[in-house]
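Work through the exercises below with the sequence and the model side by side. Try each task before you read its solution.

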Amino acid sequence: MAGRIEDYALIGDLQTAALVGKDGSIDWLCLPRFDSAACFAALLGDADNGRWRIAPVGADVCSARSYRGDTLVLDTVWETPTGSVRVTDLMPQRDRAPDVIRVVEGLSGSVDMRSELSLRFDYGSVVPWVRRVDGHRVAIAGPDSVWLRSVPAMPMYGKDMRTYADFTVAAGEKTAFVLTWHPSHEKRPRRVDPYQALETSLQDWNEWSAQCRYDGPWRSAVLRSLITLKALTYAPSGGIAAAATTSLPEEIGGVRNWDYRYCWLRDAALTLNSLVAGGYLQEANAWREWLLRAVAGDPADLQIMYGIEGERRLTEYEVPWLPGYEGSAPVRVGNGAAGQLQLDVYGEVLDSLYLSREAGLPAETHAWNLQRALMDFLESNWREPDEGLWEVRGPRRHFVHSKVMAWVAADRAVRTVEADPKLRGEPDLWRSMRAQVHAEVCEKGYDAERNTFTQSYGSRELDAATLLIPQVGFLPPGDKRVIGTVAAVREELDHGGFCRRYSPEAGGVDGLPGSEGAFLACSFWLTDALHATGQKDEAAALFERLLAVRNDVGLLAEEWDPVAGRQLGNFPQAFSHVGLVNSALTLSGDPTARC
């Protein structure tokens with residue numbers, strides 16, 4: 001059985017990522033891209049669905065682990081009765097072929113070690129043919145080929161459809177394993193020197209991390225979140241994945257299991273804003289170029305998400321041979337929400353492009369042309385109901401957050417033209433739209449009796465997304481309606497001291513059975529809202545509680561179950577880490593805190 005979600009750490013090469021458990025097992029890895037089929041899928045099944053474990057013989061979980069400084073290089077240490085050993089895991093930024101490198105180093109005494117490799121292509125369903133070639137073990141099945149070697153070379157043997165290596169490492173000794181994937185019809189890829197790759201990876205990540213301009217009291221947590229967001233970027237295209245996994249459940253044993261290995265415009269835009277706030281304009285420029293390519297065409301055909309290279313078809317299907325994480329089925333690949341109408345996305349995209357321009361990203365004519373086209377569509381369609389931020393699979397509604405973000409789109413378009421009058425546009429039309437949206441939301445989305453904005457027009461349900469109203473500038477923090485909304489959300493959506501996004505049990509708004517945990521991004525929004533409305537002590541206390549639910553290497557999933565005391569949902573989740581960065585900036589008094 002896979003470990004708890006928080007038992008995993010992330011390694012990656014900016015094109016894909018792997019999850020490494022406290023027991024030294026890589027239980028999730030998709031090659032060659034984030035959204036490729038997994039060759040290690042034990043995370044959603046068991047060892048027979050693919051994994052690669054290196055650990056002392058007879059040992060269980062490690063004694064300690066950490067990232068090496070401000071990098072994505074993971075060190076895992078076991079203390080055993082005969083000695084201590086460290087396994088260093090990394091995926092160097094690739095030249096062409098992806099590599100997983102695992103360096104075993106004796107620290108004291110001597111330790112008997114075992115490497116157990118179980119490759120299962122196509123999400124744990126295909127057992128490859130394994131043979132020996134020039135000191136390598138080569139596994140081939142259909143389009144996939146994986147080469148395994150050790151440095152120095154050591155004997156390996158096959159048993160029960162697995163490849164093993166048994167060895168002893170003494171203090172000061174090192175052994176490295178290199179696993180390399182490539183298309184099976186191509187020649188063997190160039191061999192990488194594992195020790196040089198380790199040094200280069202450390203240098204690359206340290207140089208990147210040194211650019212972070214945040215120097216507040218939570219620098220370590222912020223920088224780890226920024227590193228995680230960077231790790232979820234797909235370097236060749238600039239796309240940003242929402243998470244590294246699919247189908248980690250929002251409720252253990254439930255059906256709320258989704259594939260998050262794609263680029264949501266909303267999540268990517270918010271991630272971009274966090275990176276810009278941290279000082280990383282290069283990533284912002286790369287994402288802007290990805291956006292312009294992905295959404296090219298009729299704005300009416302805008303999708304809420306795309307593949308990491310801009311693919312539009314993300315057909316959702318189930319993988320019946322995987323039982324799911326702790327029996328949480330079905331396991332899904334693809335995402336049917338790609339075809340939904342979510343009007344808030346237009347606001348998030350225009351806001352992100354506006355903030356990028358404000359941060360100093362060079363203006364591009366084609367980027368402004370895109371924004372004008374999006375405004376043309378939104379001006380004609382903002383009155384329509386949609387599926388909203390939370391991708392409900394029930395009937396469309398007039399979600400308040402969607403309307404607020406339509407206001408944001410118009411507001412940012414107006415501001416952009418006011419700042420640069422030479423730009424072509426229709427500012428008078430956009431000002432009129434901005435005023436109409438504002439008036440309608442205040443009339444139809446506000447419950448005067450309870451002094452709170454609601455989830456949708458005519459509904460009594462609440463939505464944590466309304467906490468963003470002061471953050472985006474729709475109303476000032478001191479407005480009585482904002483103060484009332486913050487108080488109502490805090491009380492009615494409370495879940496063990498954290499915040500749910502809405503009440504899934506009430507009204508069947510999302511069209512799904514079951515429940516879910518506290519939504520971490522929403523809990524960070526509550527932190528920001530409390531701070532904005534003058535409740536600074538309460539905001540700081542909530543932020544510290546949120547920091548405490550990170551795992552031992554600083555990572556967050558989508559949700560937190562305060563009853564069971566464990567993380568839930570896909571992992572690591574960009575949305576959660578964006579919230580952490582934004583709240584840290586807000587509480588630090590950073591003027592750039594608008595992620």
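**Exercise 1. Find the backbone nitrogen that a side-chain polar atom of E311 approaches, then describe the setting of E311.**

Step 1. Start with the polar contact, a pair of N or O atoms within 3.5 Å, one able to donate a hydrogen and the other to accept it; residues adjacent in sequence count only if both atoms are side-chain atoms. A polar atom of the E311 side chain lies 3.4 Å from the backbone nitrogen of I308.

Step 2. Check the ground rules. This is a predicted model, where local features need pLDDT of at least 70 and side-chain atom pairs count only at pLDDT 80 or more, while totals for chains, interfaces and linings use all residues. Residues are numbered from 1 along each chain as its sequence is written, and side-chain values use heavy atoms, with hydrogens and water left out.

Step 3. Place the residue. E311 sits in the loop between β19 (305-306) and β20 (317-318). Strands here are DSSP runs of E, at least two residues; helices are runs of H or I, at least four; both are numbered from the N terminus.

Step 4. List its partners. Contact means heavy atoms within 4.5 Å. Beyond its neighbours within four places in sequence, E311 touches R33 and Y306.

Step 5. Judge exposure. Buried means under 20% relative accessible area, exposed over 50%, and partly exposed in between (1.4 Å probe, protein chains only). E311 has a relative accessible area of 27%, so it is partly exposed.

Step 6. Add a distance. The C-alpha atoms of E311 and S588 are 39 Å apart, and 277 residues separate the two along the chain.

**Exercise 2. Is S583 buried or exposed? Which residues does it contact?**

Step 1. S583 belongs to helix α13 (residues 574-587).

Step 2. Its relative accessibility is 0%, so S583 is buried.

Step 3. Leaving aside neighbours within four places in sequence, its contacts are F524, T527, D528 and F543.

Step 4. One of these residues also offers a polar partner: the backbone oxygen of F524 lies 3.2 Å from a polar atom of the S583 side chain.

**Exercise 3. Locate the cis peptide bonds at P32 and P330.**

Step 1. The bond joining L31 and P32 is cis, with omega about 5°. P32 lies in the loop between β3 (25-30) and β4 (38-40).

Step 2. The bond from A329 to P330 is cis as well, with omega near 5°. P330 is in the loop between β20 and β21 (332-333).

**Exercise 4. Where do L14 and D122, two non-glycine residues with positive phi, lie?**

Step 1. L14 has phi of about 70°. Its place is the loop between β1 (8-12) and β2 (17-21). At 5% relative accessibility, L14 is buried.

Step 2. D122 has phi near 55°. D122 is in helix α1 (residues 121-124). Its relative accessible area is 33%, so D122 is partly exposed.

**Exercise 5. Compare the expected span of α7 with its end-to-end C-alpha distance, then find what covers the helix.**

Step 1. The expected span is 1.5 Å times one less than the number of residues. Helix α7 (residues 365-381) has 17 residues, so 24 Å is expected; the end C-alpha atoms are 25 Å apart, which agrees.

Step 2. Buried residues of α7 include W368, L370, L374, F377 and L378.

Step 3. The cover over the buried residues of α7 includes α5 (281-294), α6 (344-358), α8 (400-419) and α9 (427-444).

**Exercise 6. How do α6 and α8 cross, and which residues make the contact?**

Step 1. Axes are lines fitted to C-alpha atoms, for helices over the stretch in contact, and angles run from 0 to 180 degrees between N-to-C directions. The α6 and α8 axes come within 7 Å and cross at roughly 35°.

Step 2. Among the residues in contact are Y346, L350 and Y354 of α6, and M405, V408 and R412 of α8.

Step 3. Turn to α8 itself. Of its 20 residues, 17 are buried, so α8 is largely enclosed by the rest of the structure. Its expected span is 28 Å, and its end C-alpha atoms are 28 Å apart, which agrees.
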